[in-house]
Amino acid sequence: MSSAPNSTVEPGAEVVHIVGARPNFVKAAPVVAALESRGIRQAVVHTGQHYDDRMSAVFFRELGLPRPDVDLGVGSGSHAAQTAALLVGLEQEFTNRSPAFVIVYGDVNSTLAAALVAAKLHIPVAHVEAGLRSFDWSMPEEVNRRVTDQLSDLCFATSPEAVAHLANEGIAPESVHLVGNPMIDTLLANLDRFDVAALRGTRDLPDTYVAATLHRPANVDDPATVARLVARLHEVADSVDVVMPVHPRGRAAFEAAGLGDHPRVHLLEPLGYVEFVTLVRGSTAVVTDSGGVQEETTILGVPCLTLRPNTERPITITHGTNRLVVESELPGLVAKILAGDALGGTTLAEVPPLWDGRAGERIAAVLAGELG
Ligand code: UD1
Ligand code: UDP
């Protein structure tokens, strides 16, 4: 890593990773490690989009990520306010650093802002997790990913569908690389740390439980929607314990709707990566709207009930344990799973192609070729 924040480096010398929100850290870890092992000079710029210890620093401690070279501290705000702060901070940072490549991850506001700034400064952009599409423009992530892909010089895709979407949108095939899934690299690299028996002890977990995590605006921003979800989660909890690490976005709304009032609903603060994936591994089923969790359950073979009308990760349905549901289906589906219909009607076919723990290496190989 380069040392001083905002230091001026010679042009073309350095690859800069932009991370800011929880899923970015999990995806960046294997790419940073693979570039490090090739001796490529790199810096990590944290935008500060997520800033609580449990949403940010814990991932650096657990995943062997180097301390960020700089933290722009943009914090929370409306889309416009947050994106504006990101644009200003990143423009200054890229102007000072003159990176040879900017690497962006996923579909959060930090991703879009970094791609936009880099493109205007004529700095090449590599997008990790390119080509995912929900075809739902009401999701801020869909806007972020579409624009980021158009601005990217290299598109690293996790699935064949993503490659097809990029082709349909006119992205040059030579800039698209199907490399596998870095989030799964991180999962596989840490498998022996996911000790369910130990977590049962430290977190006092019941033998059988459903793990839940919800943070999408469509699920957590409207109090009426939250009230409906809470009623269904309470119905689920009438027959099985529900353990939910609560994302800060929905915390106040879930508390106001009385989610924790049911004796078998256990609300936790956001968990660090190792505890969280262990919680998922030990669960009978997962209720979620997270993108990453749909993928992790696919590899762990845990039934995943995704409270969304669509997914940009259909491979987790065709090749995994994922199923899209509406909240009224939850009690019945969980009852079926508890009764022994192990995957609740989903099937575990075969692991998606290249989800083998080597995506970071493949990305580093392509980048090394570009850097000469
Ligand atoms: C963001 C991403 C979303 C991703 C999610 C992962 C965008 C548009 N959305 O959503 O795609 O799935 O991260 O978790 O980029 N907050 C805290 N502490 C923190 C961070 C956030 O309390 O450390 C609270 C603030 O009240 C903030 C709210 O959470 O306003 C939302 O944070 P924000 O980063 O804007 O979006 P997320 O919902 O986290
Ligand atoms: N995660 C975590 N602790 C939690 C919830 C999630 O470590 O309490 C991890 C999860 O395993 C996955 C990543 O965070 O690797 C996904 O982040 P999130 O669901 O916030 O974002 P999304 O994938 O929906 O963009």
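Two strands count as paired here if DSSP finds at least two bridges between them. Keep that in mind as you click around; what you have open is a predicted model.

**Stop one: the open sheet.** Select β10, β9, β8, β11, β12 and β13. In that order, these six strands make up an open sheet with parallel pairing. Now pick out the edges, β10 (265-268) and β13 (322-324): each has a single partner strand, so one side of each is left without a neighbour in the sheet. Rotate the view to follow the twist, which averages 20° from one strand to the next.

**Stop two: one edge, up close.** Zoom in on β12, residues 304-306. How many bridges join β12 to β13? There are three, and the two strands run parallel. Show Leu305 as sticks, and you'll find Arg323 of β13 standing opposite.

**Stop three: helix α16.** Next, select residues 359-371. That's α16, 13 residues that reach 18 Å from first C-alpha to last, close to the 18 Å expected at 1.5 Å a residue. Colour its buried residues: Ala359, Gly360, Ile363, Ala364, Val366 and Leu367. Why do they sit on the same side of α16? They cover an arc of only 165° around the axis, which puts them there. As a rule, an α-helix has 3.6 residues a turn, so residues three or four places apart point the same way.

What covers those buried residues? Bring up α1 (22-37) and α7 (182-189), then the strands β4 (101-105), β5 (125-130), β6 (154-157) and β7 (176-178); these are among the covering elements.

**Last stop.** Step just past α16 to Gly372, where phi is positive, near 75°.

Terms used:
Residues are numbered from 1 along each chain as its sequence is written. Chains are lettered from A and ligands numbered from 1 in the order in which they are written. This is a predicted model: local features need pLDDT of at least 70, side-chain atom pairs count only at pLDDT 80 or more; totals for chains, interfaces and linings use all residues. Side-chain values use heavy atoms; hydrogens and water are left out. Helices (H or I, at least four residues) and strands (E, at least two) are DSSP runs, numbered from the N terminus. The expected span of a helix is 1.5 Å times one less than its number of residues. Buried means under 20% relative accessible area, exposed over 50%, partly exposed in between (1.4 Å probe, protein chains only). The arc is that of the directions from the helix axis to the C-beta atoms. Contact means heavy atoms within 4.5 Å. Axes are lines fitted to C-alpha atoms, for helices over the stretch in contact, and angles run from 0 to 180 degrees between N-to-C directions.
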